[in-house]
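These are my notebook entries on a structure that I looked through piece by piece. I wrote down what I looked up and what I found each time.

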Amino acid sequence: MAEKTAGLSKEERDAVKQRAAELRAEEKAGKTRAAGEKAVREAIAALPDDDRVLAEGIDRIVGEVAPQLVPKTWYGFPAYTDAAGKVVVFFKAASKFTTRYATLGFEEAARLDDGDMWVTSFALKKLTPKTEKTIAEYIRKAAG
C-alpha cells in the first residue's frame, strides 16, 4: 500500500492560494503588460532585501535582453511570458520556501533545448558581472 503523505506544506498551500489570487487579479485588471509590470514590481518590493536585489537584477536583465517577454506574477514569483502567455523564465526567491538560494528557472516554453539534456534552473546567490552575463545569455536564448 502507498504511504500516506502530509500533503502540501504550508508554503506550498500559500503558493497555490497566491496563484488563485493572481488569476483573479488578471481577470479583473486584464492581461496587459502594464498590469503585469505592476504586479511584478509589487511582488519584488515585498521581498526581503537579499531576494529583492536579485529579483530587481533579473527584472532589469529580462527588460534589456528580451523586451518581448511580458512580465507577470506566477505563484507569487516574478515571471516573464512569451506571446502565447506561456512562462519562459521566472525568479523564485529563497525566502519563499526558506531555501538557501534563490532560483532562476526556465519553463517548457524556453528555447534552451540542447540534445537529450539541458538546464532548466540555476541556484542564484549573488549577481556579479559574470553571473549577469551568463543570465543574459540564457534569457536571450530562452526567449528565442
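In which loop is Thr 98 found? I keep in mind throughout that the model I am reading is a predicted one. Going along the chain, I found Thr 98 in the loop between E3 and E4.

**Entry 1: two residues with positive phi**

I looked up the backbone angle of Thr 98 and noted a phi near 55 degrees, which is a positive value in a residue other than glycine. I then looked up how much of Thr 98 is covered, and I wrote it down as exposed, because its relative accessible area is 66% and the cut-off for exposed is over 50%.

I next turned to Tyr 75, which has a positive phi of about 55 degrees although it is not a glycine. Tyr 75 has its place in the loop between strand E1, residues 70-74, and strand E2, residues 77-81. Its relative accessible area is 32%, so I entered Tyr 75 as partly exposed.

I also asked myself which residues make a nonpolar surface patch together with Tyr 75. I found that Leu 8 and Val 16 join Tyr 75 in this patch, which has an area of about 250 Å².

**Entry 2: helix H4 and its two sides**

I looked up helix H4 and found that it runs over residues 129-143, which makes 15 residues. From the first C-alpha to the last, H4 reaches 21 Å, and I noted that this is close to the 21 Å expected at 1.5 Å a residue.

Which residues of H4 are buried? I listed Ile 135, Ala 136, Ile 139, Ala 142 and Ala 143. They lie on the same side of H4, because they cover an arc of only 135 degrees around the axis. On the other side of H4, I found Lys 130 and Lys 133, which are exposed.

I then wanted to know what the buried residues of H4 pack against. My list holds helix H3 (49-65), together with the strands E3 (87-92), E4 (102-106) and E5 (121-124). Following the chain past the helix, I noted that H4 is followed by Gly 144, whose phi is positive, near 75 degrees.

**Entry 3: Leu 124 in strand E5**

Since strand E5 is on that packing list, I looked up Leu 124, which lies in E5. Is Leu 124 buried or exposed? I entered Leu 124 as buried, because its relative accessibility is 7%, and the cut-off for buried is under 20%.

Leaving out residues up to four places away in sequence, I found that Leu 124 touches Leu 54, Ile 58, Phe 91, Tyr 101, Ala 102 and Ile 135. One of these, Ile 135, was already in my list of buried residues of H4. I also looked up the distance between the C-alpha atoms of Leu 124 and Thr 103, and I wrote down 5.5 Å for these two residues, which are 21 residues apart along the chain.

**Entry 4: salt bridges**

How many salt bridges does the structure hold? I noted five, and I looked up some of them in turn.

In one of them, Glu 42 pairs with Lys 38, and the closest N and O atoms are 2.7 Å apart. Glu 42 and Lys 38 are separated by about one helical turn, because they are four residues apart in helix H2, residues 33-45. Both partners went into my notes as partly exposed, Glu 42 with a relative accessible area of 45% and Lys 38 with 46%.

Arg 52 forms a salt bridge with Asp 49, where I wrote down 2.2 Å between the closest N and O atoms. This pair is also set about one helical turn apart, because Arg 52 and Asp 49 are three residues apart in helix H3. Arg 52 counts as partly exposed, at 24% relative accessibility.

The side chains of Glu 132 and Arg 60 meet in a salt bridge as well, at 3.0 Å from N to O. I noted that this pair links distant parts of the chain, with Glu 132 in helix H4 and Arg 60 in helix H3, 72 residues apart. Glu 132 is partly exposed at 23% relative accessibility, and Arg 60 is partly exposed too, with a relative accessible area of 35%. As my last item, I recorded that Arg 60, Glu 64 and Glu 132 are linked in a network of salt bridges.

Note on methods
Residues are numbered from 1 along each chain as its sequence is written. This is a predicted model: local features need pLDDT of at least 70, side-chain atom pairs count only at pLDDT 80 or more; totals for chains, interfaces and linings use all residues. Side-chain values use heavy atoms; hydrogens and water are left out. Patches are made of residues with over 30% relative accessible area and no salt bridge: like charges are joined within 9 Å, nonpolar side chains (Val, Leu, Ile, Met, Phe, Trp, Tyr) within 5 Å. Accessible areas come from the Shrake-Rupley method with a 1.4 Å probe; for residues, only the protein chains shown count as cover. A salt bridge is a side-chain nitrogen of Lys or Arg within 4 Å of a carboxyl oxygen of Asp or Glu. Helices (H or I, at least four residues) and strands (E, at least two) are DSSP runs, numbered from the N terminus. Buried means under 20% relative accessible area, exposed over 50%, partly exposed in between (1.4 Å probe, protein chains only). The expected span of a helix is 1.5 Å times one less than its number of residues. The arc is that of the directions from the helix axis to the C-beta atoms. Contact means heavy atoms within 4.5 Å.
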